[in-house]
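Me: I have a structure open and would like to learn how to read its features. Where do we begin?

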Amino acid sequence: MGTAKVWYMDARAKRFLESTAIKGRQILEYSGWLDKLHPGDIVAVKTHMGEAYNVGYLRPIIVRTLVEALKDKGCKPFVTDTTTMPYHPWISRTVAMDYLETANQNGFNHSSMGCPVVIADGWLGTDDVVVDLGGRGTYLNKQFVSRAIADADALLSVAHFKGHPAGGYGGALKNIGVGGASKRGKMNLHGALAGDKPVVDVEKCKGRNCDWWQTCEDCCPEGAIQITETGLEIDQEACVYCFACANLCVNMAGVGAIQRFDHLPALGRRIADSALAVMMTKEEGKCFFLNYAIDITPCCDCYGWADTPIVNGLGVFASYDPVAVDKACMDMMNEAPGLLNSEAEEFGALEPGTKKLDIIKGKDVEPQIYGGVENGMGTTEYELEEVPLDRSQAAIAKFYPEVRAKKLRPMYAKNHPLKGLDTASFGKPTEGVANPRYPKK
């Protein structure tokens, strides 16, 4: 596999047309990907619409601007994501109805997007298709891909690049690999179908003396957890390793009787295999990947909070190759200086050139990337091309179709806000103004 092209625009903005949202569309147009689409093509715009009370997810206007580009091409886009497995007891995206409520609260709905918002794996998360990887997967042989994404003519991945507690980081590969999988697809890629389980130390459990014991029982969708007066009983065969109990026991109870089994070398490669399965539902060239490396927090948008960023915003990256675009983001993040009052400072990862997330997570966070190379999906060899900003009259007219102040002129002619006022009586001139010229209307 040869060198991949990764297009890039810096995060800095000082004037009109330099909005992050506008830069995403300009990269999309510059890349030529839109020319591969046809009027009437159904395009899945895959993004993460945020957990309840999370404030780190991509702003709706970023996605809306891309939807407008697709509609201008004559395509039929829909904004989409999938239900969760779940991952913690209070996750608000467990079934489609819950996710649509959360998406609406976070600013994603038909009105704000200008197109349908669809939960791609259906009401419960079982609306999917089985994709056979044909021996290409390093861990997965087959995968469950959400039906709405699988059935679309094209796929535009709109990912927020940041850290992730289980996958090490989140970017293009995770956006489609995890986010494109149905509920049972997530069980598969997290290792449940291969027999992975949480790490359990029953001797640490406080039983019903723990303030969270009832939540611990309630959060298991399989009903596999029973808390007794003195301890913990788990039906290991019923467990589908959904993370809810482990995240509760570690993050809220602070006990650690149940912990996640985060074997990243396997999980990262399963995510990459799942991403490959999603791409296999599309014709060559019908997938495109935009990574927004902004608000780069150490954790994901799946939690109900967002920590302070570990580095400053880097910019917008794009490629036909999900491996290359993730690698480009990772490399530039590592070359950047870390930020104070963040986990970069807390874990001693401030120096430029340090592998920020490796240090923070205490492990190599790139197995998704390795897996994407191993299964033939992409390459880590990339050429970074900085895209020039289009400052033309046509560009300004596209995003700002009217000079809005112009409409004030006829209104002021009829009823000027200063008409009849003694403007000089309202205050003293600014120091240094020798001959003030008061407006007269």
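**Salt bridges, a helix pair and a surface patch**

Reply: Begin with the charged pairs: a search of the whole structure, which is a predicted model, finds 23 salt bridges.

Me: Which residue forms a salt bridge with E385?

Reply: K5 does, with the closest N and O atoms 2.9 Å apart. K5 sits in strand β1 and E385 in strand β16, 380 residues apart, so this pair links distant parts of the chain. The side chain of K5 also meets that of E383 in a salt bridge (3.6 Å, N to O).

Me: Are K5 and E383 buried or exposed?

Reply: Buried means under 20% relative accessible area and exposed means over 50%. K5, at 29%, is therefore partly exposed, and E383, at 43%, is partly exposed as well.

Me: What does the salt bridge between E51 and R93 tie together?

Reply: E51 lies in the loop between β2 and α2, and R93 in the loop between β3 and α3, so the bridge ties together parts 42 residues apart in sequence. Their N to O distance is 2.8 Å. E51 counts as buried at 2% relative accessibility, and R93 is buried at 2%.

Me: How is a pair of packed helices described?

Reply: By the angle between the axes and the distance between them. Here, helix α10 (residues 264–279) and helix α14 (residues 367–374) pack at about 50°, with their axes 7 Å apart. That angle makes α10 oblique to α14. Their crossing is right-handed.

Me: Which residues make the nonpolar surface patch of about 360 Å²?

Reply: M97, W123 and L124 make the patch. M97 is found in helix α3 and is partly exposed, at 45% relative accessible area.

Methods
Residues numbered from 1 in each chain as written. Predicted model: local features only at pLDDT ≥ 70, side-chain atom pairs only at ≥ 80, totals over all residues. Heavy atoms only, no water. Patch = residues over 30% accessible without salt bridge, like charges linked within 9 Å, V, L, I, M, F, W, Y side chains within 5 Å. Areas by Shrake-Rupley, 256 points an atom, 1.4 Å probe, with all protein chains shown as cover. Salt bridge = Lys/Arg side-chain N within 4 Å of Asp/Glu carboxyl O. Helix = DSSP H or I, 4+ residues; strand = E, 2+ residues; numbered from the N terminus. Buried < 20%, exposed > 50% of the residue type's maximum accessible area, 1.4 Å probe, protein only. Axes fitted to C-alpha atoms, helices over the stretch in contact; angles between N-to-C directions. Parallel < 35°, antiparallel > 145°, perpendicular 65-115°, else oblique. Left-handed = near helix turned anticlockwise from the far one by under 90°.
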